[in-house]
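Grab a pencil and open the viewer. Here are a few exercises to work through, each with a solution to check yourself against.

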Amino acid sequence: MTESELGTAASVLIAFLLVAGGLLALIGSIGLLRLRNFYQRLHAPTLGNTLGCGCILVASILYFSLSEGRLAFHEVLITMFIVMTAPLSAMLLSKVALYRDGREARAREPAQEETPEKSE
């Protein structure tokens, strides 16, 4: 389908969403490389994944819905899958990291010697 068949406004909106989604994914990837600790590294790609993929999927939904004249259902399913799984996986990864950090901190603590109580 060409631009004239799709409409200029729709083409501009779809192009904007694709570029925005690509930039958000790029920013998330750069954040993954630049940030220092695990928790910061978890934050940037999660936002890039959710917002970047969201923009690209909305652009895809618009394009295929307008070109075919019906709702593109498979993009809606992909969107629902990403919206449900991305936050859950980020939460589980952060909980595992918190558990691991706490366990390592307890292992580094010096063993406290128990002093026998004097019975008088």
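The exercises below go through helices, burial, polar contacts and salt bridges in this predicted model.

**Exercise 1. Work out whether the length of helix α4 fits its residue count.**

Solution. Start with the range: helix α4 covers residues 73-108, which makes 36 residues. Next, at 1.5 Å a residue, the helix should span 52 Å. Now look at the ends: the C-alpha atoms there lie 53 Å apart, so the two values agree.

**Exercise 2. Find the buried residues of α4 and say what helps cover them.**

Solution. Going along α4, you should pick out Glu-75, Ile-82, Ala-86, Ala-90 and Ala-97 as buried. Then turn to the cover: α3 is included in it.

**Exercise 3. Is Ser-60 buried or exposed, and which side chain does its own side chain meet in a polar contact?**

Solution. First place the residue: Ser-60 belongs to helix α3. Its relative accessibility is 18%, and the cut-off for buried is under 20%, so Ser-60 counts as buried. Finally, its side chain makes a polar contact with the side chain of Glu-75, at 2.7 Å. Glu-75 is one of the buried residues of α4.

**Exercise 4. Describe the surroundings of Ser-65.**

Solution. Ser-65 also sits in helix α3, which runs over residues 38-68. With 17% relative accessibility, Ser-65 is buried too, because it falls under 20%. Within the helix, its side chain reaches back to the backbone oxygen of Ile-61, at 2.7 Å. Now skip the neighbours within four places in sequence: what's left in contact with Ser-65 is Arg-70, Leu-71 and Ala-72. As a last step, check the distance to Glu-75, 10 residues along the chain: the C-alpha atoms of the pair are 9.9 Å apart.

**Exercise 5. How many salt bridges does the structure hold, and how exposed are the partners?**

Solution. The count is two. One joins the side chains of Glu-68 and Arg-70, with 3.2 Å from N to O. Glu-68 is partly exposed at 43%, while Arg-70 reaches 52% and counts as exposed. The other joins Arg-100 and Asp-101, at 3.6 Å from N to O. Here Arg-100 is partly exposed at 41%, and Asp-101 is partly exposed at 28%.

**Exercise 6. Which residues make the nonpolar surface patch of about 470 Å²?**

Solution. The patch is made by Val-19, Leu-23, Leu-26, Ile-27 and Ile-30. Take Leu-23 as a sample: it's in helix α2, residues 8-34, and at 47% relative accessibility it counts as partly exposed.

Key:
Residues are numbered from 1 along each chain as its sequence is written. This is a predicted model: local features need pLDDT of at least 70, side-chain atom pairs count only at pLDDT 80 or more; totals for chains, interfaces and linings use all residues. Side-chain values use heavy atoms; hydrogens and water are left out. Helices (H or I, at least four residues) and strands (E, at least two) are DSSP runs, numbered from the N terminus. Buried means under 20% relative accessible area, exposed over 50%, partly exposed in between (1.4 Å probe, protein chains only). Contact means heavy atoms within 4.5 Å. A polar contact is a pair of N or O atoms within 3.5 Å; within protein, one must be able to donate a hydrogen and the other to accept it, and residues adjacent in sequence count only if both atoms are side-chain atoms. The expected span of a helix is 1.5 Å times one less than its number of residues. Patches are made of residues with over 30% relative accessible area and no salt bridge: like charges are joined within 9 Å, nonpolar side chains (Val, Leu, Ile, Met, Phe, Trp, Tyr) within 5 Å. Accessible areas come from the Shrake-Rupley method with a 1.4 Å probe; for residues, only the protein chains shown count as cover. A salt bridge is a side-chain nitrogen of Lys or Arg within 4 Å of a carboxyl oxygen of Asp or Glu.
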